[in-house]
Amino acid sequence: MAGYLNSDSRKVTTHRFMEMKQEGEKISMLTSYDFTTASIVDRAGVDAILVGDSASNVMAGNTTTLPITVEQMIYHARSVVRAVKRALVVCDMPFGSYQSGCSDGVRNAIRIMKESGCDALKLEGGIEILDTVRHILDAGIPVMGHLGLTPQSINKFGTYAVRAKEEAEAEKLINDAIALDNAGCFGIVLEKVPAALASHVTNEISVPTIGIGAGNGTDGQVLVVADMLGMTQGFTPRFLRKYTDLHTIMTDAIGKYVEDVKSCDFPNEKESY
């Protein structure tokens, strides 16, 4: 059954996330950064929309997620929230908005929530940011964790390769996930880690895991919408499944428009007043 024909029209909440894990129902998540895309994604039945700091790459053309600001994330999140009726809207806290300490993290978290209207925030990191996570949770703001490949730390790692392949890093990831779970996070994204490790973490913690390049043993999956729709070119990681080729479809449509304008075929008599 197509998502937009789904009879379950309840607003997805953090509580519903927990129910879905307990009931064994997989959670679908996609990114969105604008009103028009978010309205389509929401109507298609996606359970959660991530307003990712990947907007830095997809929308602004930066090579990393680092340059995007709090103000820009609020703009994108507010645009998405206006479109969404059902999906849980989670907004990334961008690089620099929480790494400097609890006070900055809480202040920026409150600002993003107030000015965007989103449902929850996502932070990258484990035990090293645990105090900030706790303080944000104490402020009444739902938090989703993010472990494994954490793009905001790309300059530290120096590569986008699979994380936690070695025993020490895998053990740290497990401990980080347990700590975030115990702190009160409602979910954790696991990015680009071995499938067996992701499955182990999923079974060890009480909250849902959302995988991206983490195998099928997680409680849900997330992809960047422009990637799965085939709008982007040259990005072909193993975990990415392209469900259509919008790059070709859009290029052909725009090319036909240019041709029709040049030949005076558009607008025709019926398209004129």
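The paragraphs below walk through side-chain pairs, charged contacts, a surface patch and some backbone details of a predicted model.

In this predicted model, local features are reported only at pLDDT of at least 70 and side-chain atom pairs only at pLDDT 80 or more, while totals for chains, interfaces and linings use all residues. Residues are numbered from 1 along each chain as its sequence is written, and side-chain values use heavy atoms, with hydrogens and water left out.

A good place to begin is with the aromatic rings. The structure holds two aromatic pairs; rings of Phe, Tyr and Trp (its six-membered ring) pair if their centres lie within 6.5 Å, and planes under 30 degrees apart count as stacked, over 60 as edge-to-face and the rest as tilted. One of the two pairs is formed by Phe17 and Phe186, which meet edge-to-face with 5.6 Å from centre to centre and 70° between the planes. This pair links distant parts of the chain: Phe17 belongs to helix α1 (residues 14-23), whereas Phe186 sits in the loop between α8 (167-183) and β6 (187-191), 169 residues apart. Helices (H or I, at least four residues) and strands (E, at least two) are DSSP runs, numbered from the N terminus. Are these two rings buried or exposed? Phe17 is buried, with a relative accessible area of 0%, and Phe186 counts as buried at 6%. For these labels, buried means under 20% relative accessible area, exposed over 50%, and partly exposed in between (1.4 Å probe, protein chains only).

Helix α1 also holds Arg16, which is buried with a relative accessible area of 9%. The side chains of Arg16 and Glu19 are joined by a polar contact of 3.1 Å. A polar contact is a pair of N or O atoms within 3.5 Å; within protein, one must be able to donate a hydrogen and the other to accept it, and residues adjacent in sequence count only if both atoms are side-chain atoms. Leaving aside neighbours within four places in sequence, Arg16 is in contact (heavy atoms within 4.5 Å) with Asp8, Arg10, Glu23 and Glu25.

Next come the salt bridges, each defined as a side-chain nitrogen of Lys or Arg within 4 Å of a carboxyl oxygen of Asp or Glu. By this rule the count comes to 15. Among them, Asp219 and Lys21 meet at 2.7 Å, N to O. Asp219 lies in the loop between β7 (209-212) and β8 (220-223) and Lys21 in helix α1, so the pair ties together parts that are 198 residues apart in sequence. Both ends are sheltered by the definition used here: Asp219 counts as buried at 12% relative accessibility, and Lys21 counts as buried at 18%.

Another salt bridge joins Glu128 and Lys172, whose closest N and O atoms are 3.3 Å apart. This pair again links distant parts of the chain, with Glu128 in the loop between β4 (120-122) and α6 (130-138) and Lys172 in helix α8, 44 residues apart. Here Glu128 is exposed, at 55%, and Lys172 is partly exposed, at 40%. A local example comes from Lys256 and Asp260, whose side chains meet in a salt bridge of 2.7 Å, N to O. Because Lys256 and Asp260 are four residues apart in helix α11, about one helical turn separates them. Lys256 counts as partly exposed at 40% relative accessibility, whereas Asp260 is buried at 14%. Salt bridges that share partners also join Arg16, Glu19, Glu23 and Glu25 into one network.

The backbone offers some details too. Most residues other than glycine have a negative phi, and most peptide bonds are trans. Ala164, in the loop between α7 (154-157) and α8, has a positive phi near 60° and is buried at 3% relative accessible area. Cys264, in the segment after α11 (246-262), has a positive phi near 65° and counts as exposed at 64%. Which form does the peptide bond from Phe266 to Pro267 take? This bond is cis, with omega near -5°. Pro267 is found in the segment after α11, and Phe266 lies there as well, partly exposed at 37% relative accessibility.
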